[in-house]
Amino acid sequence: MLKFYPDHVPARVPRVLGDMLIILWIVAWALCGFAVYQIVEGLQAVADGITGTGRTLDAWIESFRNAVPRGIPGISSFLTGVADGLQKNSGDQLISFGGQARDTINNMAITFGLVTAIPPILIVGGTYLFLRWRDAREMGAALAFVTAAERSGRLEQARAVLAYRAVAQLRFTELMKASQDPIGDLAAHQYDGLATAMLKRAGLESFRLYDKGSERLSEPATPGRTSNSSPRLSEAAGEREEHRRAQP
């Protein structure tokens, strides 16, 4: 189970801001990589120029070939051979070199763009995503613990477990904010304050671990408040007293 954001609103703010910043980080570096790609792709003009020069030479050679007189023994074949040699060693070669240069520049543009964008995205973004996943898994596990306790009806035992974990894992400043006497609370089985602090540390509010018919963990019991069974006990005691007085 994964839970990506805590119940407590102030605790959500750093995570929301972190998520927004990491998205901006990824987008910014992706744009930087695309910009580098476009800059290198601008060198395609050189390749296009080489290809254009080869085509121009081919056009001139073709014009020369068309201008060679036909039917002159020796001369016509000689001039046609010269034209073919020039086309093969100059125009066609330049066109081939321009195509190769274009492919090379395109591959370089993609490589430089990826090299620019991927390392910062993977290092920073990957680290952040791993930490967020671990945090979400921890909060999800805490929520699963609370859900299991509520489903089994062992809320008091769950509060005891959380209280002992609070004493073992919370920093002393957090521990003393949760209770003025943590050891005394454990000895007296007063787990509410410590359990609430541990739930808050796990990203959950105290309302997730209390019986719907009882008081919340964060609300200490008031002296004037009685349980549902108190009126019945008082009634039974009164009946017993009247019965005792009626006897001779």
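The following exchange between a colleague and a modeller concerns the fold, surface and side-chain pairs of a predicted model.

Colleague: On what basis are residues numbered and values accepted here?
Modeller: Residues are numbered from 1 along each chain as its sequence is written, and side-chain values use heavy atoms, with hydrogens and water left out. Because the model is predicted, local features need pLDDT of at least 70, totals for chains, interfaces and linings use all residues, and side-chain atom pairs count only at pLDDT 80 or more.

Colleague: How many helices and strands are in the chain?
Modeller: Helices (H or I, at least four residues) and strands (E, at least two) are DSSP runs, numbered from the N terminus. Read along the sequence, the pattern is α-α-α-α-α-α-α-α, and the count is 8 helices and 0 strands.

Colleague: What share of the 248 residues is buried?
Modeller: A residue is called buried under 20% relative accessible area, exposed over 50%, and partly exposed in between (1.4 Å probe, protein chains only). By that rule, the buried share of the 248 residues in the chain is 26%.

Colleague: Among contacts between residues at least 6 apart in sequence, what percentage joins residues at least 24 apart?
Modeller: Contact here means heavy atoms within 4.5 Å. Among the contacts between residues at least 6 apart in sequence, those that join residues at least 24 apart make up 71%.

Colleague: Is R55 buried or exposed?
Modeller: R55 has its place in helix α2, which covers residues 44-67, and its C-alpha atom is separated by 8.1 Å from that of L94, 39 residues apart along the chain. With a relative accessibility of 56%, R55 counts as exposed.

Colleague: Which element gives the most residues to the nonpolar surface patch?
Modeller: Patches are made of residues with over 30% relative accessible area and no salt bridge, where like charges are joined within 9 Å and nonpolar side chains (Val, Leu, Ile, Met, Phe, Trp, Tyr) within 5 Å. This patch, formed by L2, F4, Y5, V13, V16, L17, M20, F130, L131 and W133, has about 910 Å² of accessible area together, an area that comes from the Shrake-Rupley method with a 1.4 Å probe, only the protein chains shown counting as cover for residues. Two or more residues come from each of α1 (9-41) and α3 (75-152), and the element that gives the most, with 4 residues, is α1.

Colleague: What kind of aromatic pair do W25 and W29 form?
Modeller: Rings of Phe, Tyr and Trp (its six-membered ring) pair if their centres lie within 6.5 Å, and planes under 30 degrees apart count as stacked, over 60 as edge-to-face and the rest as tilted. The count by this rule comes to 4 aromatic pairs. W25 and W29 are 4 residues apart in helix α1, about one turn of the helix. Their centres are 5.9 Å apart with 55° between the planes, and the pair is therefore tilted.

Colleague: What is the angle between the ring planes of F130 and W133?
Modeller: F130 and W133 are 3 residues apart in helix α3, so about one helical turn separates them. F130 is partly exposed at a relative accessible area of 46%, and W133 is partly exposed at 38%. The ring centres lie 6.3 Å apart and the pair is tilted, with the planes at 35°.

Colleague: Which residue lies over the face of Y5?
Modeller: A charge sits over a ring if NZ of Lys or CZ of Arg is within 6 Å of the ring centre and within 35 degrees of the ring normal. At 5.2 Å from the ring centre of Y5, the residue over the face is R132.

Colleague: With which residue does D135 meet in a salt bridge of 3.7 Å?
Modeller: A salt bridge is a side-chain nitrogen of Lys or Arg within 4 Å of a carboxyl oxygen of Asp or Glu, and the structure holds 8 of them. D135 counts as partly exposed at 23% relative accessibility, whereas its partner counts as buried at 10%. The two are 3 residues apart in helix α3, and the partner of D135, at 3.7 Å from N to O, is R132.

Colleague: How far apart in sequence are the parts that E174 and R201 tie together?
Modeller: E174 meets R171 in a salt bridge at 3.1 Å, N to O, and also forms one with R201, where the closest N and O atoms are 3.4 Å apart. Because E174 lies in helix α5 (residues 172-178) and R201 in helix α7 (residues 192-201), the second pair ties together parts whose separation in sequence is 27 residues.
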